[in-house]
Amino acid sequence: CPGCRARLMIRTADVLSTVWSVARHARASRDEIVAYQSAHLRRLVSHAYGSVPYYRALFDRHGIAPHHVRTVADLALIPVTTKRDLQRTPAVEVVARGLDPDRLLVHTTSGSSGEPLSIRRTWLEERLGTAFRLRALRDFGLRATDRRVGIGLLRPHDARDWDLPQRMLRALGFYRKAAVDCRSAPEEILRRLEELRPDVITGFPGVICRIAQVIAGGRPTTLRPRVLISGGEVLTPLMRREITGAFGAPVVELYGAHELGMIAWQCTKWGGLHVPDDSVIVEVLKDGRPAR
């Protein structure tokens with residue numbers, strides 16, 4: 001209907017505006033980025049209070065109004081929402097009014113840190129999250145023509161996730177990707193990887209390390225990935241050495257979550273991690289207080 005088309009046009013404009021901002025911030029000063037964060041934080045808090053029942057109740061319960069949150073520093077005023085809080089709150093209370101939870105795309109976390117949590121997003125939010133992730137992968141040297149294989153938990157495709165544009169790109173040889181079940185035996189995963197011949201391998205570091213141990217144990221392989229990307233678990237120094245030695249390629253780290261998308265990725269030049277300050281505000285707490 002015309003109303004749906006209008007909302008879609010507005011949301012598409014928001015996505016394009018965000019993508020343009022991301023490109024512009026590659027050379028922005030720290031003050032410009034903080035100003036951008038604060039402006040969008042004010043919009044986000046106003047939206048959450050006005051449209052999401054859970055956050056309106058949270059703010060009212062603690063005597064907080066949207067105008068109290070003006071800058072990133074004011075985030076400390078908002079009580080922390082835990083995963084348990086979200087798990088026991090009905091879906092209709094944690095999504096914005098006007099959206100049907102049953103029509104949103106649902107992702108369930110792996111549960112590696114405890115009980116799994118279901119995250120709901122719109123189709124456009126899903127595409128935007130992919131764009132932020134691709135930015136990090138390009139930093140690692142991913143090329144548009146590379147074949148990427150992810151070793152993870154296989155889940156059926158969500159019929160609500162219209163993926164014709166992605167399938168057309170892959171048919172033309174761009175951003176090709178495949179998946180292998182991480183629950184298979186390491187020898188079977190290695191065999192599947194050899195069949196798929198990836199340029200880039202992604203997956204849990206523990207699983208990739210077990211495959212590396214199979215190779216180091218004398219199993220010959222034709223695999224020649226250019227880079228391996230780990231995420232979802234801690235990549236220890238020992239894992240890094242074993243993976244790099246077996247595959248003859250560097251292994252780098254991504255830090256992300258279904259709840260927030262891309263949070264940080266390894267800097268391959270200077271060490272440490274890049275934080276995408278134009279898409280997420282990262283706050284580290286120590287004893288309940290923001291740490292330096």
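Which residues does Leu-228 touch, not counting residues up to four places away in sequence? Keep that in mind as you open the model, which is a predicted one; the tour reaches Leu-228 at the third stop.

**Stop 1: the whole chain**

Start with everything displayed. The chain has 292 residues, and 36% of them are buried. Colour by secondary structure and you should find ten helices and eleven strands. Switch on a surface if you like: the accessible surface is about 17,800 Å², and carbon and sulfur atoms account for 56% of that. Among contacts in the chain with a separation of 6 or more, 63% join residues 24 or more positions apart.

**Stop 2: the seven-stranded sheet**

Now select the strands E4-E3-E5-E6-E7-E8-E9, which in that order form an open sheet with mixed pairing. Which strands stand at the edges? They are E4 (176-181) and E9 (273-274); each has a single partner strand, so one side of each is left without a neighbour in the sheet.

Zoom in on the E9 end. Strand E8 (residues 261-266) runs antiparallel to E9, and two bridges join them. To see how the strands line up, select Gln-266, which has Leu-273 of E9 opposite.

Add helix H10 (residues 237-247) to the view. H10 packs on the sheet and touches E5 (200-203), E6 (227-230), E7 (251-257) and E8. Look along E7 and compare directions: that of H10 makes about 125° with that of E7.

**Stop 3: Leu-228**

Select Leu-228, in strand E6. Its relative accessible area is 0%, so Leu-228 counts as buried. Here is the reply to the opening question: Leu-228 touches Ile-201, Ile-208, Ile-243, Phe-247, Ala-249, Pro-250, Val-251 and Val-252. Show these as sticks and you can tie the picture back to the sheet, since H10 (residues 237-247) also touches strand E6.

For a distance to draw, take the C-alpha atoms of Leu-228 and Pro-198: they are 10.0 Å from each other, with 30 residues of separation along the chain.

**Stop 4: helices H8 and H9**

Next, select H8 (residues 186-196) together with H9. Their axes lie 9 Å apart and pack at an angle of about 85°; the two helices are therefore roughly perpendicular to each other. From H8, show Pro-186, Glu-187, Ile-189, Leu-190 and Leu-193; from H9, show Val-207, Arg-210, Ile-211, Val-214 and Ile-215, which they meet. By class, this contact has eight nonpolar residues, no polar ones and two charged ones.

Stay with H9 (residues 205-216) and pick Ala-216. Is Ala-216 buried or exposed? It is exposed, with a relative accessible area of 64%. Now draw a C-alpha to C-alpha line from Ala-216 to Ala-246: the two are 30 residues apart in sequence and 5.7 Å apart in space.

**Stop 5: two unusual backbone angles**

Most residues other than glycine have a negative phi. Two loop residues here are worth selecting with that in mind. Arg-197, in the loop between H8 and E5, has a positive phi of about 50° although it is not a glycine. Arg-197 counts as exposed, at 67% relative accessibility.

Then move to Tyr-175, in the loop between helix H7 (164-171) and E4. Tyr-175 is not a glycine either, and has a positive phi of about 50°. With a relative accessible area of 26%, Tyr-175 is partly exposed.

**Stop 6: strands E1 and E2**

Select strand E1 (residues 105-108) and strand E2, which pair in the antiparallel sense over four bridges. One bridge to highlight links His-107 to Ile-119 in E2. Rotate E2 (residues 118-121) to view its two faces: Ile-119 and Arg-121 are on the covered face, while Ser-118 and Arg-120 are on the uncovered one.

**Stop 7: helices H2 and H3**

Finish with H2 (residues 30-51) and H3 (residues 53-61), whose axes are 6 Å apart and pack at an angle of about 100°. That angle makes H2 roughly perpendicular to H3. Show Val-45, Ala-48, Tyr-49, Gly-50 and Ser-51 on H2, then Pro-53, Tyr-55, Arg-56, Phe-59 and Asp-60 on H3, to see the residues making the contact. This contact divides into six nonpolar, two polar and two charged residues.

Notes: Residues are numbered from 1 along each chain as its sequence is written. This is a predicted model: local features need pLDDT of at least 70, side-chain atom pairs count only at pLDDT 80 or more; totals for chains, interfaces and linings use all residues. Side-chain values use heavy atoms; hydrogens and water are left out. Axes are lines fitted to C-alpha atoms, for helices over the stretch in contact, and angles run from 0 to 180 degrees between N-to-C directions. Angles under 35 degrees count as roughly parallel, over 145 as roughly antiparallel, 65 to 115 as roughly perpendicular and the rest as oblique. Contact means heavy atoms within 4.5 Å. Ala, Val, Leu, Ile, Met, Phe, Trp, Tyr, Cys and Pro count as nonpolar, Asp, Glu, Lys and Arg as charged, and the others, Gly among them, as polar. Buried means under 20% relative accessible area, exposed over 50%, partly exposed in between (1.4 Å probe, protein chains only). Accessible areas come from the Shrake-Rupley method with a 1.4 Å probe; for residues, only the protein chains shown count as cover. Two strands pair if DSSP finds at least two bridges between them.
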